[in-house]
Amino acid sequence: MTQIIMGENEGIESALRRFKREVSKAGIFPDIKKHRHFETPLEKHKRKAKEAAKSKRYRRRSS
């Protein structure tokens, strides 16, 4: 859980900006997007195959 402690004379805008930065660093946004809806086994298989192909392509290019 990400949390920040507001300073004595800190404005809500700057505290919100700091909170958003911490959430981004923690990698919460991609996790939220991934869990937005139920993924069927077929969709999961397709996604993993696509990620594997992308990873394979990247490894081949960097060698």
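Trainee: Is Ile32 buried, partly exposed or exposed?
Mentor: This is a predicted model, and in it Ile32 sits in helix α2, which spans residues 28–34. Its relative accessible area is 42%. Buried means under 20% and exposed means over 50%, so Ile32 counts as partly exposed.

Trainee: Which residues make the nonpolar surface patch with Ile32?
Mentor: The patch covers about 250 Å². A residue needs over 30% relative accessible area to be in a patch, and Ile32 has 42%. Its partners in the patch are Ile28 and Phe29.

Trainee: How many Å apart are the C-alpha atoms of Phe38 and Ile28?
Mentor: Phe38 is in the loop between α2 and α3, and with 67% relative accessibility it is exposed. In sequence, Phe38 and Ile28 are 10 residues apart. In space, their C-alpha atoms are separated by 18 Å.

Trainee: Which residue forms a salt bridge with Lys25?
Mentor: Lys25 lies in helix α1, residues 12–26, and its partner is in that helix too, three residues away, about one turn. Lys25 is exposed at 63%, while the partner is partly exposed at 33%. The N to O distance is 4.0 Å, and the partner is Glu22.

Trainee: Which residue is linked with Arg47 and Glu51 in a network of salt bridges?
Mentor: Arg47 and Glu51 are both in helix α3, four residues apart, about one turn of the helix. Their closest N and O atoms are 3.3 Å apart. Arg47 is partly exposed at 27%, and Glu51 is partly exposed at 45%. The further member of the network is Glu39.

Trainee: How many salt bridges are found in the whole structure?
Mentor: One of them joins Arg18 to Glu10, with the closest N and O atoms 2.9 Å apart. Another joins Lys25 to Glu22. A search of the whole structure gives a total of four.

Trainee: What radius of gyration does the protein have?
Mentor: The protein has three helices and zero strands, and its C-alpha atoms fill a box of roughly 50 × 35 × 15 Å along the principal axes. For a compact globule of 63 residues, the radius of gyration would be near 11 Å. The protein has 19 Å.

Trainee: What percentage of the residues in the protein is buried?
Mentor: The accessible surface comes to about 6,300 Å², with 56% belonging to carbon and sulfur atoms. A residue is buried when its relative accessible area is under 20%. Of the 63 residues, the buried share is 5%.

Notes. Residues are numbered from 1 along each chain as its sequence is written. This is a predicted model: local features need pLDDT of at least 70, side-chain atom pairs count only at pLDDT 80 or more; totals for chains, interfaces and linings use all residues. Side-chain values use heavy atoms; hydrogens and water are left out. Helices (H or I, at least four residues) and strands (E, at least two) are DSSP runs, numbered from the N terminus. The radius of gyration is taken over C-alpha atoms; the globule rule is 2.2 Å times the number of residues to the power 0.38. Buried means under 20% relative accessible area, exposed over 50%, partly exposed in between (1.4 Å probe, protein chains only). Accessible areas come from the Shrake-Rupley method with a 1.4 Å probe; for residues, only the protein chains shown count as cover. Patches are made of residues with over 30% relative accessible area and no salt bridge: like charges are joined within 9 Å, nonpolar side chains (Val, Leu, Ile, Met, Phe, Trp, Tyr) within 5 Å. A salt bridge is a side-chain nitrogen of Lys or Arg within 4 Å of a carboxyl oxygen of Asp or Glu.
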